[in-house]
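Me: I've got a structure open and I'd like to go through the reasoning behind its labels. Can we take it piece by piece?

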Amino acid sequence: MIINDPEKDQEIQANVRTVPGIITQRGCTYAGCRGVVLGPTRDILQIVHGPIGCSFYAWLTRRNQSAPAEGEGNFIPYSFSTDMQDENIVFGGEVKLKEAMREAFEMFSPKAIAIFSTCPVGLIGDDVHAVAREMKEELGINCFGFSCEGYRGVSQSAGHHIANNQIFKHVLGTDNPTRKGKFQVNLLGEYNIGGDAFEIERLFEEAGITLISSFSGNSTVESMAYAHIADLNMVMCHRSINYIAEMMEVKYGIPWIKVNFVGAKSAAKSLKKIAEYFGDAELTAKVDAIVEREMAKSEAVREAVKAKVEGKVAMMFVGGSRAHHYQDLFEELGIHVVSAGYEFAHRDDYEGRKVIPDIKIDADTRNIEELEVEKTEDAELWREDLVAKKAALEETGYTFADYEGMMPQMKKNSLVIDDINHWETEKLIEFYKPDVFCAGIKEKYVVQKFGIPLKQLHNYDAGGPYTCFEGAINFYYEMQRMLDTKIWKLVDAPWKSEPEIVGSMTIEA
Amino acid sequence: MFENAPIIKSTKEFTATRNACKLCAPLGASVAFKGIRGCVPIIHGSQGCATYIRRYLISHFKEPVDIASSNFTEEATVFGGGANCDRAITNVIGQYNPEVVALTTTCLSETIGDDVKMYIHDYKKNSELKDLPAFVTASTPSYQGSHMDGFHEAVGAAIKAFAKGGEKGTHINIFPGFVSTEDLRQLKYLLSDFGIEFVMLPDYSETLDNPIWNTYKRIPEGGTPVSAIETCGRAAASIEFGTILNSGALSGRVKNTKLSATGAEYLEKEFEVKNYRMPLPIGVKNTDRFFNVLEEISGKEMPIRYLTERGRLIDSYADGHKYIFGKKAVVYGEEDFVVAMTTFLDEIGVEVVLAATGGESGNLEDQIRANCPERGEQILAKNMFDYEKIREWCQENKPDLLVGNSKAYYIARELDIPIVRCGFPIHDRIGGQRIKHLGYAGTQDLFDQVVNTMIQYKQDHSPVGYKYM
Ligand code: SF4
Ligand code: SF4
């Protein structure tokens, strides 16, 4: 926990194990791998190898959307599991896994099958990678496994890394089509919750920017296979996906930039940054026109809503990027973010990438393979042109491969908290008496018991999209709905008026 | 959003479970433990299990659900989870000052063979704390049974841990099974109206369905106190809802676990507390059965209020049955729930064509035959079914109605079949935890809903917007 001072370099403790018995909102490695990173890809058939719960709980809970073309497969609505029984635990589950893969192949003829290991599997020693190799041979399609057992890491974050590694190893670069457009980009770390990616895609299309692949909102395994033909990688959620961006730069020379499409001004800035990268007059003109048109629309709503909500106080504890990105939206409405933190981020997400060399490597980090990536030997694939472009742009002050983290943007004396637990949540609410709290479903009803509205920023409470300009408008209205309602007045929160019905209700736990 | 869900090419028996119609054992155990007063459950395993389970329960109950985890690391999986278990207990005591700490195991801790009972024994021996909470543990690997097996295992574990014998009293024990918080409240009103003293286990009617608070309560009020559970051994009788219970965890297993008797079975064997086992009281027939037993045990007559409720229910059957008579329904979910719902639907003239569950007891078919003597033979009753099998079956057989939790919504949507949401989990509606199923009053609600759902379907698909029936 840190009292922020943007002027100074402060060190926060992050990505360390949660203490047993302390109720955390963090999930497991498997959740980060299967649920977050791979989950949104519609045409990889994903089999969870383990007992039933792990698979059931990851079944369609993140509200990722996808838009398959006519006749194209979409496995997102499915949850496949080997549903291990005790005989599999005692005698091993590889046979059952293979059978399940054959069956899935026969049923759906998918382009690829991914296998996810859960805790008991790691323990009994089933080798999912060997099974994947064998089945790849037998079925003639790409098969790959993930050793993403829940105990492997501190949080979901370990699973993101494992997912990045395996996609890089087994999918990326396995196809080499010709160019698909003049300005080719990949979008990394955008998961299309509530249709967020659709908003971005619409604007790209209008501007003439070709989205080669997305990791992984509204994505396909095919597009991931040729993602290396892109001219630029854009990173939204730094935490979950920076590994692929880094590895692609080393291997193919494709530079990456940090973008943010949450918040109208941020979206405008990001679009302009892309135009600046390509340095094409026509593209720049198109982007400028889009920004001007869309800003006019969103500004009108922003001003109307701002008049009603300005000066309110917000707190947010989400994920590995949203607790930062959404601050832009709150700033636009004049709402103060007094405290924020991530659930599963690392120090660089707070303090910026400059601290990466100083981050201590602990046992949990060592658990995850660091891929040794080398420059490709295929001269056709190595993008010397982009390397030169990057160098030239850097001269002009354009920043690549950088993320400043959340802390520099936050106000002096705001509170930054990593992996906030229940106890801290309660204390903070009592102290700050915020008007709105942003987190997920696990905190939702705790916070609302205090008479404070909670906005889910993991899955948006069935709302969204919130990206770009239309998304900003949606969010402005959502804040108006949440902050301007009368129902909280009925709740009679203790600090808002003298409680009338004390007595039986004020029993301290 | 999910257009183009692929069409399945074949319908043979499958190895993989595709969209399971069951959840995992520690989830059920956690719900049961939440029904003990002042209890904080700890799931012994990696933190993901606890987080996922909390998330699922929270989205159904729409309430804070605090469940701790012992947060296994890779090291713990190698050297055993004893140290993690200790730390978790100490921290839970420090933060919550609970009356009871309940440990439930996971696939992981069971696979490595952690002996939680021994950990607790040692913990108690070594602890410097004076007032230690009471402890209870349930063995709940999910590769042996579903969430229902976990639920009953936890209830049984609590009884074994706390119930004592002694001179017989006049109170009764009631084991309601996994029903809604509103069902639990209804049962309590009903028993009080009857003038019967009772111990209900579990009772999460308040702990998982709280009013808005003036001051935040780390441990919500309500639940059955340990002192009450202690008296279960001296009760005049037990009433246990459900006839399949945890038999799924016992069928054809390789690994011998401690999974065994239900709470009521144990009390009957150990303390000679007579057990009245019966299906969940849904529908007139099964609710009559329940009231008969209450009259028999207490020697009192059914309070007039319930007689009127019953009369009103049958009156509404007379008014509404023609809208649903002969309609074909699919019922799915937990085994005992499926048996009771099928019996009710059968009673009102809805033809249940498929009764399906992910549960593993192998007894579903027998129980359905026994409870629906006339049509039982024609009902396809399936254990170990998943939602994809239900979907394939529906594609072919075009039923008129789906009855069960919200997980089959995607089937309803794709095939345009109306769905009546009940049971667990309800994730796509508000108030799922408050759905009333039991007794004449619960049946009344369900009946109205079934009839109105059919009427609405007809209305929506009619070329004329009739607003009169
Ligand atoms: S490992 Fe077992 S207990 Fe944990 S979520 Fe998976 S099925 Fe449930
Ligand atoms: S068993 Fe492991 S992989 Fe499965 S939910 Fe629990 S922590 Fe995650």
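**Interface, sheets and spaces**

Reply: Sure. Chain B and chain A bury about 7500 Å² between them, with 61% of that on carbon and sulfur atoms. Keep in mind that this is a predicted model.

Me: What makes the 7500 Å² a buried area?

Reply: Buried area is the accessible area that two parts lose on being put together, summed over both. The value of about 7500 Å² is for chain B and chain A together, so it covers both sides. On the chain B side, B:Tyr52, B:Asn214 and B:Tyr216 lose the most area to chain A, together 11% of what that side buries.

Me: How many residues of each chain are in the contact?

Reply: Chain A puts in 87 residues and chain B 81. Contact means heavy atoms within 4.5 Å.

Me: What makes strand 5 of chain A and strand 1 of chain B edge strands?

Reply: Start with the order of that five-stranded open sheet, 5(A)-4(A)-2(A)-3(A)-1(B), where the pairing is mixed. Strand 5 (142-146) of chain A and strand 1 (17-18) of chain B each have a single partner strand, so one side of each is left without a neighbour in the sheet.

Me: How do you know that strand 2 and strand 4 of chain A pair?

Reply: Two strands pair if there are at least two bridges between them. Six bridges join strand 2 (residues 44-49) to strand 4 (residues 112-117) of chain A, therefore they count as paired, and they run parallel. One such link is A:His49, whose bridge partner in strand 4 of chain A is A:Ser117.

Me: Which helix lies across strand 2, strand 4 and strand 5 of chain A?

Reply: That's helix 6 (residues 128-139) of chain A, running at about 175° to strand 5 of chain A.

Me: What about the six-stranded sheet: why do strand 13 and strand 14 of chain A count as paired?

Reply: Three bridges join strand 13 (residues 436-439) to strand 14 of chain A, and at least two are needed, so the pair qualifies; the two strands run parallel. A:Ala439 has A:Gln456 of strand 14 as its bridge partner. Helix 19 (residues 468-483) of chain A packs on this sheet, touching strand 13 and strand 14, with its direction at about 150° to that of strand 14 of chain A. The sheet is open, in the order 1-12-11-10-13-14 (chain A), with mixed pairing.

Me: Why is one space called a cavity and another a pocket?

Reply: In a cavity a 1.4 Å probe fits but cannot get out, whereas a pocket is an open set, so the name depends on the way out. The search of the whole structure finds 12 cavities of 30 Å³ or more, and about 260 Å³ of space lies in the largest cavity. Its lining has 26 residues, with B:Phe178, B:Val179, B:Leu280, B:Glu334 and B:Phe337 nearest the centre. Helix 13 of chain B gives the largest share of that lining, three residues.

Me: And what lines the second largest pocket?

Reply: There are 36 lining residues, and A:His346, A:Ile359, A:Ile361, A:Thr365 and A:Glu370 lie nearest the centre. About 890 Å³ of space lies in this second largest pocket. Helix 10 of chain A gives the most to the lining, with six residues.

Me: What makes 14 of the lining residues of the second largest pocket nonpolar?

Reply: Residue type decides: Ile counts as nonpolar and Glu as charged, for example. By class, the lining of the second largest pocket has 14 nonpolar, 10 polar and 12 charged residues.

Technical notes: Residues are numbered from 1 along each chain as its sequence is written. Chains are lettered from A and ligands numbered from 1 in the order in which they are written. This is a predicted model: local features need pLDDT of at least 70, side-chain atom pairs count only at pLDDT 80 or more; totals for chains, interfaces and linings use all residues. Side-chain values use heavy atoms; hydrogens and water are left out. On a 1 Å grid over the protein atoms alone, a cavity is a set of points where a 1.4 Å probe fits but cannot get out, and a pocket is an open set with protein on both sides within 12 Å along at least five of seven lines; lining residues have an atom within 4 Å of a point. Grid points are joined across faces, edges and corners, and a volume is the space filled by probe spheres set on the points. Helices (H or I, at least four residues) and strands (E, at least two) are DSSP runs, numbered from the N terminus. Axes are lines fitted to C-alpha atoms, for helices over the stretch in contact, and angles run from 0 to 180 degrees between N-to-C directions. Buried area is the accessible area (1.4 Å probe) that two parts lose on being put together, summed over both.
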